[in-house]
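Open the model in your viewer and keep the sequence panel visible. The stops below are given in the order in which to select them.

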Amino acid sequence: MDGVKAHPTQKPEALLARVLLSASNPGDVILDPFFGTGTTGAVAKKLGRQWIGIEREKEYITYAIKRISAAEASAEDTITLANKREEMRIPFGWLLEHGFLKPGAELTDAKGKLSAKVHADGNIITGNHRGSIHKVGALLQNAPSCNGWTYWHVKRNGKNVPIDDMRRELRAQIESGAGSATIQ
Ligand SMILES: C[S@@+](CC[C@H](N)C(=O)[O-])C[C@H]1O[C@@H](n2cnc3c(N)ncnc32)[C@H](O)[C@@H]1O
């Protein structure tokens with residue numbers, strides 16, 4: 001922000017968003033007695049909360065005020081984050097238990113160049129690598145992490161689609177009550 005530096009220990013907004021989403025509801029008032037450059041206030045505004053900040057350094061107060069005025073209260077952010085928080089966690093193994101995938105099924109990257117086989121225990125295997133969809137995806141790309149749900153694809157009706165599609169379908173099935181009896 002113009003002329004003023006961010007706080008040296010400014011907190012990531014994503015972290016604050018997780019805290020506020022798990023501990024408050026839209027419309028609640030959030031008090032941060034060590035406001036710094038106002039991360040709490042900016043995130044509170046974006047998530048439809050009220051806020052009160054206490055800060056002794058004028059410079060940080062000026063920065064915080066500008067920053068919060070620039071933050072948009074976005075219904076979309078609120079809804080996206082809230083839905084993410086509320087989404088039921090689906091372990092990869094459930095795709096097997098619910099018949100979306102069979103042991104031995106082939107997963108590939110989006111281009112169909114790298115592949116791995118699904119094991120009955122919910123791990124996947126390729127070459128010397130064996131582990132979760134995330135771990136093996138990261139190892140193959142030499143990356144620190146990987147979202148296996150979007151990295152791995154399967155052929156469905158002749159099209160290469162991410163396994164995340166199956167996760168979404170299974171979640172919808174369970175939430176509608178169609179598959180809940182088999183989930184422990
Ligand atoms: C770790 S920083 C907070 C950083 C903030 N979470 C952010 O993201 O920008 C703590 C802040 O508390 C303020 N502070 C410490 N003691 C205070 C006091 N007694 N009254 C008011 N502010 C105080 C400091 O000036 C400092 O900016």
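Angles between helix axes under 35 degrees count as roughly parallel, over 145 as roughly antiparallel, 65 to 115 as roughly perpendicular, and the rest as oblique. The model is predicted.

**Whole chain**

Start with a cartoon of everything. The chain has eight helices and eight strands. Of its 184 residues, 23% are buried. Among contacts between residues at least 6 apart in sequence, 46% join residues at least 24 apart.

**Helices H1 and H2**

Select residues 13-23, which form helix H1, and residues 39-46, which form helix H2. Their axes come within 9 Å and cross at roughly 60°. H1 and H2 are therefore oblique to each other. The crossing of H1 over H2 is right-handed.

Now show side chains where the two helices meet. From H1, take Glu13, Leu16, Ala17 and Leu20; from H2, take Thr39, Thr40, Ala42, Val43 and Ala44. Sorted by class, this contact has six nonpolar, two polar and one charged residues.

**Helices H2 and H3**

Keep H2 and add helix H3, residues 58-70. Here the axes also come within 9 Å, with a crossing angle of roughly 15°. That angle makes H2 roughly parallel to H3. This crossing is right-handed. On the H2 side the contact is made by Gly41, Ala42 and Lys45, and on the H3 side by Ala64, Arg67 and Ile68. By class there are three nonpolar, one polar and two charged residues in the contact of H2 with H3.

How many residues of H2 are buried? Eight of the eight are, so H2 is largely enclosed by the rest of the structure. The buried set consists of Thr39, Thr40, Gly41, Ala42, Val43, Ala44, Lys45 and Lys46. Continue along the chain past the end of the helix: H2 is followed by Gly48, which has a positive phi near 75°.

**The nonpolar cores**

Hide the helix pairs and select Leu95, Leu107, Ile124, Ile133, Trp152 and Ile163. These residues have the most contacts inside the largest nonpolar core, which has 15 residues. At least two residues of this core come from each of helix H5 (93-97), strand E4 (115-118), helix H6 (133-141) and helix H8 (164-175). Apart from this core lies another, of 13 residues, including Ile30, Leu47, Tyr60 and Ile68. Ile68 was also selected at the previous stop, as part of the H3 side of the contact with H2.

Return to the largest core and centre on Ile163. Which residues is Ile163 in contact with, leaving aside its neighbours within four places in sequence? They are Leu95, Leu107, Trp149, Trp152, His153 and Val154.

**Pro162 and Asp165**

Step back to Pro162, in strand E8 (residues 159-162). Pro162 has 18 C-beta neighbours inside 10 Å and so counts as partly exposed; a residue needs 20 or more to be buried. Beyond its neighbours within four places in sequence, Pro162 is in contact with Trp149, Thr150, Trp152 and His153. For a distance check, draw a line from Pro162 to Ala110: the two are 52 residues apart in sequence, and their C-alpha atoms are 7.6 Å apart.

Next select Asp165, in helix H8. Asp165 counts as partly exposed because it has 16 C-beta neighbours inside 10 Å. His153 is 12 residues away along the chain, and the C-alpha atoms of Asp165 and His153 are separated by 9.3 Å.

**Two loops with positive phi**

Most residues other than glycine have a negative phi. The last two stops depart from that pattern.

Select Asn142, in the loop between H6 and helix H7 (148-151). Asn142 is not a glycine, yet its phi is positive, about 55°. Is Asn142 buried or exposed? With 6 C-beta neighbours inside 10 Å, Asn142 counts as exposed.

Finish at Asn157, in the loop between strand E7 (153-156) and E8. Asn157 also has a positive phi, of about 50°, without being a glycine. With 5 C-beta neighbours inside 10 Å, Asn157 counts as exposed.

Notes. Residues are numbered from 1 along each chain as its sequence is written. This is a predicted model: local features need pLDDT of at least 70, side-chain atom pairs count only at pLDDT 80 or more; totals for chains, interfaces and linings use all residues. A nonpolar core is a set of buried Ala, Val, Leu, Ile, Met, Phe, Trp, Tyr and Cys residues joined through C-beta atoms within 7 Å. A residue is buried if 20 or more other C-beta atoms lie within 10 Å of its own, exposed if 12 or fewer, and partly exposed in between; C-beta atoms are placed from the backbone. Helices (H or I, at least four residues) and strands (E, at least two) are DSSP runs, numbered from the N terminus. Two residues are in contact if their C-beta atoms, placed from the backbone, lie within 7 Å. Axes are lines fitted to C-alpha atoms, for helices over the stretch in contact, and angles run from 0 to 180 degrees between N-to-C directions. A crossing is left-handed if the near helix is turned anticlockwise from the far one by less than a right angle, and right-handed if clockwise. Ala, Val, Leu, Ile, Met, Phe, Trp, Tyr, Cys and Pro count as nonpolar, Asp, Glu, Lys and Arg as charged, and the others, Gly among them, as polar.
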